[in-house]
Amino acid sequence: PDFDSKRKRKVAEIYQALNSDPIDVATLRRMAISEGGLLTDEIRCKVWPKLLSVNTDDLPPLPAGKELREDNKDYQQVLLDVRRSLRRFPPGMPDDQREGLQEELIDIILHVLKRNPQLHYYQGYHDIVVTFLLVVGDRLATALVEKLSTHHLRDFMDPTMDNTKDILNYLMPIIDQVNPEVHDFMQSAEVGTIFALSWLITWFGHVLSDFRHVVRLYDFFLACHPLMPIYFAAVIVLHRQQEVLDCECDMASVHHLLSQIPQDLPYETLISKAGDLFVQFPPSELAKEAAQQQADRTAASTFKDFELASVQQRPDTVLRQRFRERLRGEERTKSILTKPRTNRFVKLAVMGLTVALGAAALAVVKSALEWAPKFELQIFP
């Protein structure tokens with residue numbers, strides 16, 4: 001009964017925010033971040049467009065698939081990826097219905113790429129698009145995915161993987177702030193960050209088998225800064241810290257362990273911790289520490305320009321407020337999130353910047369696509 005009444009209160013608060021004039025986007029962000037997220041796909045259809053500032057009253061009609069597919073350089077690769085995406089559809093869905101959705105999926109992807117020639121398709125993009133298609137349908141999914149692709153996902157859609165690597169390079173400094181022992185162990189194992197690549201570029205859609213968990217994470221990521229998925233990746237590693245430390249300290253063993261993502265993660269706890277870490281160690285602070293954020297190139301650094309990020313609606317404010325409330329509500333004699341730092345002679349920055357890291361440095365400066373086959377690592381199992 002208590003759970004039901006909390007849920008009813010939350011639904012009422014979401015609809016109140018949707019019906020206010022102007023729409024209370026700050027409250028919608030808070031609802032998307034807080035426990036349980038947006039609760040139902042029906043609510044997501046209404047709230048996701050608000051989080052991305054998409055006008056649902058003026059959606060353009062979709063062009064015919066034939067027009068999109070003729071002479072399209074990405075068509076064959078998109079077709080291959082979509083055909084392999086069977087497990088992303090609900091089990092038990094009739095074949096003809098699934099095949100119809102797969103055709104819609106191809107058309108959405110090609111439509112967004114045709115309208116935005118500066119964007120480049122990458123393997124895994126379809127894992128994000130199919131999530132939107134299944135939740136909101138093809139027409140609205142097309143508008144949402146286009147906005148997302150020109151903002152949150154833009155760095156993954158560059159001609160090279162440089163910006164994607166820059167974002168992956170935030171992973172180790174976050175881990176270092178929270179648990180230097182795990183950080184140093186991973187550095188010694190020279191495991192790099194490639195294990196988290198498919199997590200990041202599919203917003204975990206490719207690696208989580210339960211669709212409920214995927215859409216819960218999408219609620220969270222849509223309401224937050226574009227770098228939030230890398231904070232969530234870090235809290236997954238930290239959640240498994242004992243398993244990591246118990247592992248053989250070599251690249252193959254640690255990579256194998258981390259690339260097999262557990263399906264029974266405590267998602268709400270991890271979402272909460274990721275939000276807290278974002279507040280404690282904001283990207284700007286980590287970028288200085290790592291000395292490698294290319295300030296004028298990544299979507300993460302230009303998020304202040306994103307239409308939604310007005311003073312009242314910044315997701316950072318929601319997270320900070322929630323973090324302060326938790327601090328007031330708990331006796332934090334020893335922080336769970338951070339261990340006291342020792343004065344270390346060398347402060348380890350992101351892999352690839354310190355010559356002392358040797359082979360590990362080489363692994364990061366190579367592109368992920370060159371590096372993975374060399375070590376026979378499977379990015380997309």
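## Annotated spans, a helix pair and two buried residues

For "transmembrane region", the unreviewed UniProt entry lists residues 191-208, 220-238 and 345-365. The structure here is a predicted model, so the spans below are described as they come out in that prediction.

Here is how two of the listed spans look in the model.

| Span | Helix | Strand | Distance between end C-alpha atoms |
|---|---|---|---|
| Residues 191-208 | 28% | 0% | 22 Å |
| Residues 220-238 | 74% | 0% | 19 Å |

Residues 191-208, then, are 28% helix, while residues 220-238 reach 74% helix. Neither span has any strand to show, with 0% for residues 191-208 and 0% for residues 220-238.

Now for a helix pair. Helix 2 covers residues 25-33 and helix 13 covers residues 211-222; the two pack at an angle of about 145°, and their axes sit 8 Å apart. The crossing of helix 2 past helix 13 is left-handed. Which residues make the contact? Helix 2 brings Arg29, Ala32 and Ile33, and helix 13 brings Arg216, Asp219, Phe220 and Leu222. By type, the residues in this contact split into 4 nonpolar and 3 charged, with no polar ones.

Next, a loop residue. Arg88 sits in the loop that links helix 5 (75-83) and helix 6 (95-115). Is Arg88 buried or exposed? With a relative accessible area of 6%, Arg88 falls under the 20% cut-off and therefore counts as buried. Its side chain reaches the backbone oxygen of Gly205 at 3.4 Å. Leaving aside residues up to four places away in sequence, Arg88 touches Asp127, Val130, Thr131, Leu134, Gly205, His206, Phe211 and Val214.

Back at the start of the chain, Ala17 belongs to helix 1 (residues 2-19). Ala17 is buried too, because its relative accessible area is just 3%. What does Ala17 touch, not counting residues up to four places away in sequence? The partners are Ile23, Asp24, Thr27 and Leu28. Take Thr27: it is 10 residues from Ala17 along the chain, and the two C-alpha atoms are separated by 6.4 Å.

Finally, helix 10. This helix runs over residues 171-178 and is mostly covered, with 8 of its 8 residues buried. Among the buried residues of helix 10 are Leu171, Met172, Pro173, Ile174 and Ile175, and the list also includes Asp176, Gln177 and Val178.

Notes. Residues numbered from 1 in each chain as written. Predicted model: local features only at pLDDT ≥ 70, side-chain atom pairs only at ≥ 80, totals over all residues. Heavy atoms only, no water. Axes fitted to C-alpha atoms, helices over the stretch in contact; angles between N-to-C directions. Helix = DSSP H or I, 4+ residues; strand = E, 2+ residues; numbered from the N terminus. Left-handed = near helix turned anticlockwise from the far one by under 90°. Contact = heavy atoms within 4.5 Å. Nonpolar A, V, L, I, M, F, W, Y, C, P; charged D, E, K, R; others polar. Buried < 20%, exposed > 50% of the residue type's maximum accessible area, 1.4 Å probe, protein only. UniProt positions renumbered as here; feature names shortened; annotations may be inferred. Polar contact = N/O pair within 3.5 Å; in protein donor to acceptor, adjacent residues only side chain to side chain.
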